[in-house]
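Trainee: Could we go through this structure together, one question at a time, with the reasoning set out before each answer?

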Amino acid sequence: MATNQIIQSFIAGGTITEFQIVSVNAQGKVEVSTNGTDKNCVGIAQRGASAGDPVDVVISGISRAIAGGAITASTDPRLKATTGGGKVETVAAGDFAVCRMIPNINQTSAVSGDQITVLFVGPTIVHA
């Protein structure tokens, strides 16, 4: 199966674990995203890294992500970064959706801690 991804390497500005949502900081390094209204969110880390290490980040395309709460793909597939650190959860008005859950026959919903397949598209403001 072919996977369409655009991957960019960055330097980690702090500890990052695999499949966390990351944002660019003022020094051009990536750190774990901790805010659903973060306009600097750039992608999903593809492996863990410590501060100063290089880390590959999917900046566009299909990736795994970690659910930060209950998600049901058929009712609200649009997702944002959680305040809990690099996970994804459903959006509300005023949030920046950064990806959407891609369901399959074996996984149409998720609970906190589950790995899910998402399409990362970058920050897009959610209106009411």
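Trainee: Which residue has a backbone oxygen that lies 3.1 Å from a polar atom of the side chain of Gln107?
Mentor: Bear in mind that this is a predicted model. Gln107 lies in the loop between β9 and β10, and, leaving out residues up to four places away in sequence, it touches Met101, Asp114, Gln115, Ile116 and Thr117. The partner that places its backbone oxygen 3.1 Å from a polar atom of the Gln107 side chain is Gln115.

Trainee: Is Gln107 buried or exposed?
Mentor: The cut-off for the buried class is under 20% relative accessible area. Gln107 has a relative accessibility of 17%, so it counts as buried.

Trainee: How does Gln115 itself count, and at what relative accessibility?
Mentor: Gln115 is found in strand β11, where its contacts, not counting residues up to four places away in sequence, are Phe19, Arg64, Ala65 and Gln107. Because values between the buried and exposed limits of 20% and 50% are classed as partly exposed, Gln115 counts as partly exposed, at 37%.

Trainee: How far apart in space are Gln115 and Ser63, C-alpha to C-alpha?
Mentor: In sequence, Gln115 and Ser63 are 52 residues apart. In space, their C-alpha to C-alpha separation is 10.0 Å.

Trainee: Which residues of the largest nonpolar core touch the most other members?
Mentor: This core holds 19 residues, and the elements giving two or more residues to it are β4 (41-45), β5 (54-66), β7 (78-81), β9 (96-101) and β11 (115-125). As a general background, nonpolar side chains in soluble globular proteins tend to be buried together. The members that touch the most others are Ile71, Leu79, Val88 and Ile116.

Trainee: What does Ile71 touch, not counting residues up to four places away in sequence?
Mentor: Two of the residues already named for the core, Leu79 and Val88, are among its contacts, as is Ile116. The list in full is Asp76, Leu79, Val88, Glu89, Thr90, Met101, Thr108, Ser109, Ala110 and Ile116.

Trainee: Which residues does the second, separate core include?
Mentor: The second core is made up of 10 residues. Those named as belonging to it include Ala12, Val42, Ala45 and Val55.

Trainee: How far is Val30 from Val42 in space, C-alpha to C-alpha?
Mentor: Val30 has its place in strand β3 (residues 30-32), and at 0% relative accessibility it counts as buried. Leaving aside neighbours within four places in sequence, its contacts include Phe10, Ala12, Val22, Val42 and Val55. Although Val30 and Val42 are 12 residues apart in sequence, their C-alpha atoms are separated by 8.3 Å.

Trainee: Which residue offers a backbone oxygen 3.4 Å from a polar atom of the side chain of Ser33?
Mentor: Ser33 is placed in the loop between β3 and β4 and counts as buried, with a relative accessibility of 1%. Its contacts, not counting residues up to four places away in sequence, include Ile21, Val22, Ser23, Asp38 and Cys41. The backbone oxygen lying 3.4 Å from a polar atom of its side chain belongs to Val22.

Trainee: Which residues are linked in a network of salt bridges?
Mentor: The structure holds three salt bridges, and Lys80 takes part in one with Glu89, where the closest N and O atoms are 3.5 Å apart, and in another with Asp95, at 3.0 Å from N to O. The pair of Asp95 and Lys80 links distant parts of the chain, with Asp95 in the loop between β8 (88-90) and β9 and Lys80 in strand β7, 15 residues apart. The network therefore consists, under the 4 Å limit for a salt bridge, of Lys80, Glu89 and Asp95.

Trainee: How do Lys80, Glu89 and Asp95 count, buried or partly exposed?
Mentor: Lys80, at 13% relative accessibility, counts as buried, whereas Glu89, at 24%, counts as partly exposed. For Asp95 the relative accessibility is 9%, so this residue counts as buried.

Trainee: What is the N to O distance in the salt bridge between Asp76 and Arg78?
Mentor: Asp76 counts as partly exposed at 21% relative accessibility, and Arg78 counts as partly exposed at 36%. In general, side chains of opposite charge can pair when their charged atoms come close. Here the side chains of Asp76 and Arg78 meet with an N to O distance of 4.0 Å.

Definitions and conventions:
Residues numbered from 1 in each chain as written. Predicted model: local features only at pLDDT ≥ 70, side-chain atom pairs only at ≥ 80, totals over all residues. Heavy atoms only, no water. Core = buried A, V, L, I, M, F, W, Y, C linked by side-chain atoms within 4.5 Å. Buried < 20%, exposed > 50% of the residue type's maximum accessible area, 1.4 Å probe, protein only. Helix = DSSP H or I, 4+ residues; strand = E, 2+ residues; numbered from the N terminus. Contact = heavy atoms within 4.5 Å. Polar contact = N/O pair within 3.5 Å; in protein donor to acceptor, adjacent residues only side chain to side chain.
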